[in-house]
Amino acid sequence: MVNLYQKTWAEINMELAKRIVQLRKRKKISQKEFAVRSGVSLGSLKRFEQTGEISLQISLQSFTKLAIALGAEGELEALFQEVPFDSIEEILHGQTK
């Protein structure tokens, strides 16, 4: 079954970028300071915050550095840990033998 409401990769990336911006602002960290703390270039950071284009503008390594600089690395570590099964077949295939 096709999920007609499934988000595109671009929509998901933009949401991630918005969350990073919100968290950075909540912690009162400027873009310049954020770039210094994370080791991600200011230009890459600005492009990511504006476009959400991770694959072209920022690497997964840089994205992880941003999360660490915000103290949110646990959120990345928890990614995909609690993904529910879609079918009984997935449950059977997911069991270790």
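Where in the protein is Phe-85 found? Keep that one in mind while we take a walk through the model, which is a predicted one.

Let's start with the overall layout. The protein has seven helices and zero strands, so to speak an α-α-α-α-α-α-α run when you read the elements from the N terminus on. There are 97 residues, and 26% of them count as buried. About 7700 Å² is exposed, with carbon and sulfur atoms supplying 55% of that area. As for how the chain meets itself, take the contacts with a separation of 6 or more: 50% of them involve residues 24 or more positions apart.

Now drop into helix H1, which covers residues 9-26 and holds Ala-17. Is Ala-17 buried or exposed? Its relative accessibility is 0%, so Ala-17 counts as buried. Leaving aside residues up to four places away in sequence, Ala-17 touches Phe-48, Glu-49 and Gly-52. Thr-51 is 34 residues away from Ala-17 along the chain, yet the C-alpha atoms of the two are separated by 7.6 Å.

Phe-48, one of the residues touched by Ala-17, leads us on to the aromatic rings. The structure holds one aromatic pair. Its members are Phe-48 and Phe-63, arranged edge-to-face, with 5.8 Å from centre to centre and 80° between the planes. Phe-48 sits in helix H3 (residues 42-51) and Phe-63 in helix H5, so the pair ties together parts that are 15 residues apart in sequence. Both Phe-48 and Phe-63 are buried.

Following Phe-63 brings us to H5 itself, residues 60-69, where the buried residues are Ser-62, Phe-63, Leu-66, Ala-67 and Ala-69. Why do they line one face of the helix? Looking down the axis of H5, you'd see the buried residues fall within an arc of 165°, so they end up along one face. It helps to recall that an α-helix has 3.6 residues a turn, so residues three or four places apart point the same way. On the face of H5 turned away from the buried side you'll find the exposed residues Leu-60, Gln-61 and Ile-68. After H5 comes Gly-71, with a positive phi near 70°.

And back to where we began: Phe-85 is in the loop between helix H6 (73-77) and helix H7 (88-94). Together with Ile-88, Ile-91 and Leu-92, Phe-85 forms a nonpolar patch on the surface. The four share about 380 Å² of accessible area.

Key: Residues numbered from 1 in each chain as written. Predicted model: local features only at pLDDT ≥ 70, side-chain atom pairs only at ≥ 80, totals over all residues. Heavy atoms only, no water. Patch = residues over 30% accessible without salt bridge, like charges linked within 9 Å, V, L, I, M, F, W, Y side chains within 5 Å. Areas by Shrake-Rupley, 256 points an atom, 1.4 Å probe, with all protein chains shown as cover. Salt bridge = Lys/Arg side-chain N within 4 Å of Asp/Glu carboxyl O. Helix = DSSP H or I, 4+ residues; strand = E, 2+ residues; numbered from the N terminus. Buried < 20%, exposed > 50% of the residue type's maximum accessible area, 1.4 Å probe, protein only. Contact = heavy atoms within 4.5 Å. Arc of directions from axis to C-beta. Phe/Tyr/Trp six-rings, centres within 6.5 Å; stacked < 30°, edge-to-face > 60°.
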